[in-house]
Amino acid sequence: MLLSEQAYKRIDREIAKFPPEQRQSATMAALAIAQEETNWLSPEVMQEVADYLRMPAIAVQEVATFYNMFNTKPVGKAKISVCTNLPCLLSGGERAAHYLKEKLGIDYRETTADGQFTLQEGECMGACGDAPVMLVNNHRMCSFMSNEKIDALVEELKK
């Protein structure tokens, strides 16, 4: 068993939201719960989710690889997604991304040597007026990211 009993209880709550014959409707929620616990979705974790939901592993993998919120490769403790859509890029996103890349010493789709940070490009985050925008671990939106705010964020995430 790769997931904890608590994770399975949470997945059961998600499954209960759907008719019994539609357990697979809880796939996204089950993957999110599994990722919270394991930090990324290994083939073994996806297989375990598929078995639990009583569906083919390939169907779970299709969901996991379609959405960029799911990590199908190991990532750092803090995954920072930088919005690279045009409104953000034109409002300082390119500058913020360049500064963050230099500060961390990595490029997009890379992880720092200490395993602390992974940097990735993100699609529109729906906060164009707050550009440049970054998302930390798919849960925390950071807006108006100046160099000073990026410095503070990196220091906070190192703790």
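**Exercise 1. A residue with an unusual backbone angle**

Find out whether Arg-54 is buried or exposed, and then describe its backbone and its place in the chain.

*Solution.*
Step 1. Arg-54 has a relative accessible area of 65%, so this residue counts as exposed. Keep in mind as you work that the model is predicted.
Step 2. Now look at the backbone: Arg-54 is not a glycine, yet its phi is positive, at about 60°.
Step 3. To place the residue, follow the chain to the loop between α3 and α4, where Arg-54 sits. This position comes just after α3.

**Exercise 2. A second positive phi**

Work out what phi Asn-39 has, where the residue lies and how accessible it is.

*Solution.*
Step 1. The phi of Asn-39 is positive, about 75°, although the residue is not a glycine.
Step 2. Asn-39 belongs to the loop between α2 and α3.
Step 3. Its relative accessible area is 29%. Buried would need a value under 20% and exposed a value over 50%, so a residue in between is partly exposed. Asn-39 is therefore partly exposed.

**Exercise 3. The chain as a whole**

Describe the protein chain by its secondary structure, its box and its contacts.

*Solution.*
Step 1. Start with the elements: the chain has six helices and five strands. Along the sequence they come in the pattern α-α-α-α-β-α-β-β-β-β-α.
Step 2. Next, take the extent along the principal axes: the C-alpha atoms fill a box of roughly 50 × 35 × 25 Å.
Step 3. Then turn to burial: 42% of the 159 residues count as buried.
Step 4. Finally, consider the contacts in the chain with a separation of 6 or more: residues 24 or more positions apart account for 61% of them.

**Exercise 4. How two helices pack**

Decide how α1 and α2 are oriented to each other, and list the residues that meet.

*Solution.*
Step 1. Locate helix α1 at residues 5-15 and helix α2 at residues 27-38; their axes are 9 Å apart and the packing angle is about 160°.
Step 2. An angle over 145 degrees counts as roughly antiparallel. That is why α1 and α2 are described as roughly antiparallel to each other.
Step 3. The crossing of α1 past α2 is right-handed.
Step 4. On the α1 side, the contact involves Ala-7, Arg-10, Ile-11 and Glu-14; on the α2 side, the partners are Ala-29, Ala-30, Ile-33, Glu-36 and Glu-37. Sorted by kind, the residues of this contact are five nonpolar, four charged and no polar.

**Exercise 5. A pair at another angle**

Repeat the analysis for α5 and α6: what is their orientation, and which residues make the contact?

*Solution.*
Step 1. Helix α5 covers residues 86-104 and helix α6 covers residues 147-158; their axes come within 10 Å and cross at roughly 40°.
Step 2. With this angle, α5 and α6 are therefore oblique to each other.
Step 3. α5 passes α6 in a right-handed crossing.
Step 4. From α5, the contact uses Arg-95, Ala-96, Tyr-99, Leu-100, Lys-103 and Leu-104, while α6 brings in Asn-147, Ile-150, Asp-151 and Val-154. These residues divide into six nonpolar, one polar and three charged.

**Exercise 6. What covers α3**

Name the buried residues of helix α3 and the elements that help cover them.

*Solution.*
Step 1. Helix α3 runs over residues 43-53, and its buried residues are Val-45, Met-46, Glu-48, Val-49, Ala-50 and Leu-53.
Step 2. The cover over these residues includes α1, α2 and α4 (57-66).

**Exercise 7. A glutamine in a strand**

Establish whether Gln-120 is buried or exposed, and find its neighbours.

*Solution.*
Step 1. Gln-120 is in strand β3, residues 117-122.
Step 2. Its relative accessible area is 16%, so Gln-120 is buried.
Step 3. Leaving out residues up to four places away in sequence, Gln-120 touches Asn-68, Lys-79, Ile-80, Ser-81, Val-82, Tyr-108 and Arg-109.
Step 4. With Ser-81 there is a polar contact between the two side chains, at 3.1 Å.

**Exercise 8. A cis peptide bond**

Find which form the peptide bond from Ala-131 to Pro-132 takes, and where Pro-132 lies.

*Solution.*
Step 1. Omega for this bond is near -5°, and the bond is cis.
Step 2. Pro-132 is part of the loop between β3 and β4 (134-136).

Conventions:
Residues are numbered from 1 along each chain as its sequence is written. This is a predicted model: local features need pLDDT of at least 70, side-chain atom pairs count only at pLDDT 80 or more; totals for chains, interfaces and linings use all residues. Side-chain values use heavy atoms; hydrogens and water are left out. Axes are lines fitted to C-alpha atoms, for helices over the stretch in contact, and angles run from 0 to 180 degrees between N-to-C directions. Helices (H or I, at least four residues) and strands (E, at least two) are DSSP runs, numbered from the N terminus. Angles under 35 degrees count as roughly parallel, over 145 as roughly antiparallel, 65 to 115 as roughly perpendicular and the rest as oblique. A crossing is left-handed if the near helix is turned anticlockwise from the far one by less than a right angle, and right-handed if clockwise. Contact means heavy atoms within 4.5 Å. Ala, Val, Leu, Ile, Met, Phe, Trp, Tyr, Cys and Pro count as nonpolar, Asp, Glu, Lys and Arg as charged, and the others, Gly among them, as polar. Buried means under 20% relative accessible area, exposed over 50%, partly exposed in between (1.4 Å probe, protein chains only). A polar contact is a pair of N or O atoms within 3.5 Å; within protein, one must be able to donate a hydrogen and the other to accept it, and residues adjacent in sequence count only if both atoms are side-chain atoms.
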